[in-house]
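Colleague: I am new to this structure and would like a close look at a single part of it, taken slowly.

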Amino acid sequence: MPTEKQPMLSEVLGALVSSVAQARQIADIAAANLAYAYQRHELLRGMPVPRLRFRSIEVNMPVIIRQVHESKQPLLDTSAAIAQRTAAEVQRRAGLAAQKLRLTLREDTLSAEDRTLMENAAAFWERVAKPEESESFRAAVEAQITVWISQFFALGGSLPVAASEGTIRTEVARAVRNGIRTVFRNVLRSLSAAEGDPQPGKAARLRYRDLKQFSAYDKVLRGAAQLAADTCFCTPSQSAELELAVCTDDIKTTGGGSDSITRLHFTLLEEGLEWVEDAQGSRLMTE
């Protein structure tokens with residue numbers, strides 16, 4: 001029995017398709033060279049340049065199935081770990097937003113109203129970026145994530161069959177956005193109360209409305225939610241795979257006679273692509 005790693009069915013099919021594509025490239029390069037030679041030759045210049053294409057390729061391949069690797073469901077990280085990464089990303093982006101606003105405030109062309117809005121926004125982002133805000137932020141985000149996750153499975157467990165990986169990522173991002181918004185409102189309420197506003201709740205709502213006018217709000221919210229969605233799994237999903245013996249020597253040494261051999265019969269159809277330049281830019285299109 002060979003000790004080296006045996007190829008998977010996906011690797012075998014991928015190698016076949018890749019080899020056919022490489023063969024087409026070699027054929028096209030040869031056709032281009034012939035076209036150049038025909039153009040320079042006085043007698044050949046008016047003749048059609050030979051060019052060969054693969055309309056279809058039929059493959060009949062004997063293999064031996066050594067092992068079936070079962071599919072694996074992705075493993076979701078804990079809500080605490082997701083919230084910790086999210087909080088760090090929000091604070092990083094908040095610090096950048098505060099710096100950018102402070103630089104803009106140095107300009108002399110701002111109106112009094114715009115300057116007040118930017119001052120409030122800069123104070124908010126500076127407050128969010130403080131390390132002491134991280135604990136309450138993580139607690140709020142973790143609570144939002146936990147509420148949604150607990151509806152499907154125990155924390156740290158395997159995903160149910162009904163919940164796709166894409167759905168989980170979408171819902172984690174949604175939960176994170178809800179948690180961030182909750183923290184943002186709490187911070188604005190604290191800022192309004194610290195400034196002695198008699199109605200901190202109402203003042204916080206108005207300041208929240210003003211805050212959303214700045215692009216930094218969407219960037220921070222979207223960036224943190226995207227990070228949470230991208231990193232919410234400890235291990236990704238894995239599709240089922242067949243481990244094969246494909247080399248002639250491997251098939252011979254495996255034994256078992258003709259009954260142990262499986263024949264893969266399939267057809268590869270060629271589809272050409274070409275570069276197209278138009279108002280939408282440069283892109284690949286089918287011929």
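At what angle do helix 5 and helix 6 pack, and how far apart are their axes?

Modeller: Please keep in mind throughout that this is a predicted model. Helix 5, which covers residues 165-194, packs against helix 6, residues 200-211, at an angle of about 120°, and the axes of these two helices are 8 Å apart. An angle over 115 but not over 145 degrees falls in the oblique class, so helix 5 is oblique to helix 6. The crossing in which helix 5 passes helix 6 is right-handed. On the side of helix 5, the contact is made by R181, F184, R185, L188, R189, L191, S192 and A193, while helix 6 brings P200, G201, A203, A204, R207 and Y208. Sorted by class, the residues of this contact comprise eight nonpolar, two polar and four charged.

S190 also lies in helix 5, and with a relative accessible area of 33% S190 is partly exposed. Between S190 and G201 there are 9.1 Å in space, C-alpha to C-alpha, and the two are 11 residues apart in sequence.

Helix 5 has a further partner in helix 7, residues 215-230, and these two pack at an angle of about 140° with their axes 8 Å apart. That angle makes helix 5 oblique to helix 7 as well, and the crossing of helix 5 and helix 7 is right-handed. Here helix 5 takes part through R169, V172, A173, V176, R177, I180, R181 and F184, and helix 7 through Y217, V220, L221, A224, A225, A228, A229 and D230. This contact of helix 5 with helix 7 has 12 nonpolar and four charged residues, with no polar ones. R181 and F184 of helix 5 appear in the contact with helix 6 and again in the contact with helix 7.

Finally, a word on the cysteines, since a disulfide is a covalent bond between the sulfur atoms of two cysteines. A search of the whole structure finds zero disulfides. For C232, the closest cysteine sulfur is that of C234, and because the two sulfurs are 9.2 Å apart, they are too far for a bond; C234 is accordingly in no disulfide either. The surroundings of these two residues can be described as well: C232 has 0% relative accessibility and therefore counts as buried, whereas C234, at 45% relative accessibility, counts as partly exposed.

Methods
Residues are numbered from 1 along each chain as its sequence is written. This is a predicted model: local features need pLDDT of at least 70, side-chain atom pairs count only at pLDDT 80 or more; totals for chains, interfaces and linings use all residues. Side-chain values use heavy atoms; hydrogens and water are left out. Axes are lines fitted to C-alpha atoms, for helices over the stretch in contact, and angles run from 0 to 180 degrees between N-to-C directions. Helices (H or I, at least four residues) and strands (E, at least two) are DSSP runs, numbered from the N terminus. Angles under 35 degrees count as roughly parallel, over 145 as roughly antiparallel, 65 to 115 as roughly perpendicular and the rest as oblique. A crossing is left-handed if the near helix is turned anticlockwise from the far one by less than a right angle, and right-handed if clockwise. Contact means heavy atoms within 4.5 Å. Ala, Val, Leu, Ile, Met, Phe, Trp, Tyr, Cys and Pro count as nonpolar, Asp, Glu, Lys and Arg as charged, and the others, Gly among them, as polar. A disulfide is a pair of cysteine sulfur atoms within 2.5 Å. Buried means under 20% relative accessible area, exposed over 50%, partly exposed in between (1.4 Å probe, protein chains only).
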